[in-house]
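Me: I have a model open and would like to go through the reasoning behind a few of its descriptions. Could you take a look with me?

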Amino acid sequence: MSRAHAEFVIYMVNEIANSMNRYPSHVYHVLHQTGCIQKYLIPFYDVLHTMSSESVAEDVLEYVRAQGGSL
């Protein structure tokens with residue numbers, strides 16, 4: 001994982017945690033468990049980092065739900 005990818009993942013974890021009033025560690029755990037980081041955030045970084053954080057957060061939540069997870 002490149003530095004840019006890591007920074008993006010950290011930023012999104014914190015954005016989602018803040019918007020949902022959750023601990024970042026909990027959000028990270030769920031994203032990791034569902035494969036969202038390795039199968040969605042990193043592979044599609046080039047597109048996702050150009051979108052608003054709200055749009056990416058909505059997409060992440062949809063991905064998590066589709067994988068049977070919840071935040």
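Me: Which exposed residues does the face of H2 turned away from its buried side carry?
Reply: Happy to help! This is a predicted model, and in it that face of H2 carries Ser25 and Gln33. They are called exposed because the word is kept for a relative accessible area over 50%.

Me: And what makes the buried residues of H2 a single side?
Reply: The buried residues of H2 are Val27, Val30 and Leu31. They cover an arc of only 95 degrees around the axis, so they lie on the same side of H2. In general, an α-helix has 3.6 residues a turn, so residues three or four places apart point the same way. What the buried residues of H2 pack against is H1, H3 and H5.

Me: Why is H1 called roughly perpendicular to H5?
Reply: H1 and H5 pack at about 85 degrees, with their axes 10 Å apart. Roughly perpendicular covers 65 to 115 degrees, and therefore H1 counts as roughly perpendicular to H5. On the H1 side the contact includes Phe8, Tyr11 and Ile16, and on the H5 side Val56, Val60 and Leu61 are among the residues. By class, this contact has nine nonpolar, one polar and one charged residues.

Me: Which residues have the most contacts inside the largest nonpolar core?
Reply: Those are Leu31, Leu41 and Val60, in a core of 23 residues. Helices H1, H2, H3, H4 and H5 each give two or more residues to this core.

Me: Leaving aside neighbours within four places in sequence, what is Val60 in contact with?
Reply: Val60 is in contact with Ile16, Leu31, Cys36, Tyr40 and Leu41. Contact here means heavy atoms within 4.5 Å.

Terms used
Residues numbered from 1 in each chain as written. Predicted model: local features only at pLDDT ≥ 70, side-chain atom pairs only at ≥ 80, totals over all residues. Heavy atoms only, no water. Core = buried A, V, L, I, M, F, W, Y, C linked by side-chain atoms within 4.5 Å. Buried < 20%, exposed > 50% of the residue type's maximum accessible area, 1.4 Å probe, protein only. Helix = DSSP H or I, 4+ residues; strand = E, 2+ residues; numbered from the N terminus. Axes fitted to C-alpha atoms, helices over the stretch in contact; angles between N-to-C directions. Parallel < 35°, antiparallel > 145°, perpendicular 65-115°, else oblique. Nonpolar A, V, L, I, M, F, W, Y, C, P; charged D, E, K, R; others polar. Arc of directions from axis to C-beta.
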